[in-house]
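Here are a few notes to help you find your way around this model. Please keep the 3D view open as you read.

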Amino acid sequence: MSDTPSFTQLTDLAARDVGGAVVWANDEFFGEKESLIRPEPPTFSPATFGHKGQVVDGWETRRRRPGGPGVEGTEHDSAIVRLGLPGVIRGVTIDTAFFLGNYPPHARVEAASVPGFPTPADLLAAEWTEIVPTSPLSGGSEQHFEAEITGRRFTHVRLAMIPDGGIARFRVYGEAVPDPVFLAGVPVDLAALTNGARIVAASNMFFSAPENLIKPAESRVMGEGWETARRRDDAGDWIEVRLVAQGVPAVIEIDTANYKGNAPDHIVLLGADRPGQEAGSNWFEVIAQTRMLPDYKHRFRLEGARPVTHLRLEVRPDGGVARLRAFGSLTDAGLTAVRTRWAEHA
Ligand SMILES: NC(=O)NC(NC(N)=O)C(=O)[O-]
């Protein structure tokens, strides 16, 4: 499959900026395995040689030779990725950008669900399920493959590069399925990607993706937040987030970090209570119109807030917001929804 499929709009569960890690590879002679999950697109600097050869931005193994180094006990090269967001996998992208005389002719993808804190040895002994069968690859291109198993929650993915070569990036698209144990009876960020929240609509994503708003950790540079184009009308920009499940927000953070000449003038935060719905409607006010400062973490304490399943952040007239956090507690109905989702994907 090669036209850009719709699953590429979903969250990359493996990306480093949501906590993914490449925890094992049998070989990485020419290119570090960790490059596979770097969020930014791959780059290439021709005729740039280090001590081991051409410097590459990707995972690249040596040429396999029978009995040679790096091949012991393996039939082809492979790498294991720990998903930053364990969840349901809808499809993967294997990008061989800049690997032309050294791309692998085939790849295969398997997934596993391994609880606890497994070591590479535990993972090698785990039960793996094929989600993308052995498929041909070409060089220097992004190739998309739909996952064949989509009903289960996986924690790890194994990428087989057959027999050897280089892959620049590996994306694993899907939906996070959070473990209810960590959401029950404690305050949580109801809007966090890590907990299973999702951006469902946005007015504009010219400079950077709205999903950045709900990613883990602080935003370090302007490109790590959500920034819209300059508006020449007065319609305003907005995003809508479907929260983890129904919850009552108590503290909201709207962080304009790194937006110094391009923060919004003001914001309004709306809420909706539409359990089980993808998009919100029947919006009510959660935070009234409030001026924003550049490069500032604005915190709001809400008293007696209503339960919500969705939030809509409106920014006027346009600009950048780095992070949106909604700390609060799931309602009983919200927790039941999270537990049901977990059980359905066991
Ligand atoms: N010119 C190359 O890229 N050669 C080798 N790769 C690197 N990275 O040097 C190879 O054998 O694939």
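The points below cover the core and then some unusual backbone spots.

1. This is a predicted model, in which local features need pLDDT of at least 70 and side-chain atom pairs count only at pLDDT 80 or more, while totals for chains, interfaces and linings use all residues. Residues are numbered from 1 along each chain as its sequence is written.

2. Start with the largest nonpolar core (buried Ala, Val, Leu, Ile, Met, Phe, Trp, Tyr and Cys residues joined through C-beta atoms within 7 Å). It has 82 residues, and Val-81, Phe-170, Val-172, Ala-191 and Leu-243 touch the most other members. Strand S6 (residues 77–95) gives the largest share, nine residues. Strands here are DSSP runs of E, at least two residues, numbered from the N terminus.

3. Where does this core lie relative to domain 1 (6–176) and domain 2 (180–335)? Both domains give residues to the core, so it lies between them. The domain bounds come from an automatic or database domain assignment.

4. Two cis peptide bonds deserve a look. One joins Ile-162 and Pro-163, with omega about 0 degrees, and Pro-163 lies in the loop between strands S10 (153–162) and S11 (166–167). Another joins Arg-316 and Pro-317, with omega about -10 degrees; Pro-317 lies in the loop between strands S20 (308–316) and S21 (320–321).

5. Phe-98, although not a glycine, has a positive phi of about 70 degrees. Phe-98 is found in the loop between S6 and strand S7 (106–112). Phe-98 counts as buried because it has 20 C-beta neighbours inside 10 Å; the cut-off for buried is 20 or more other C-beta atoms within 10 Å, with C-beta atoms placed from the backbone.

Notes: Buried ≥ 20, exposed ≤ 12 C-beta atoms within 10 Å, placed from the backbone. Helix = DSSP H or I, 4+ residues; strand = E, 2+ residues; numbered from the N terminus.
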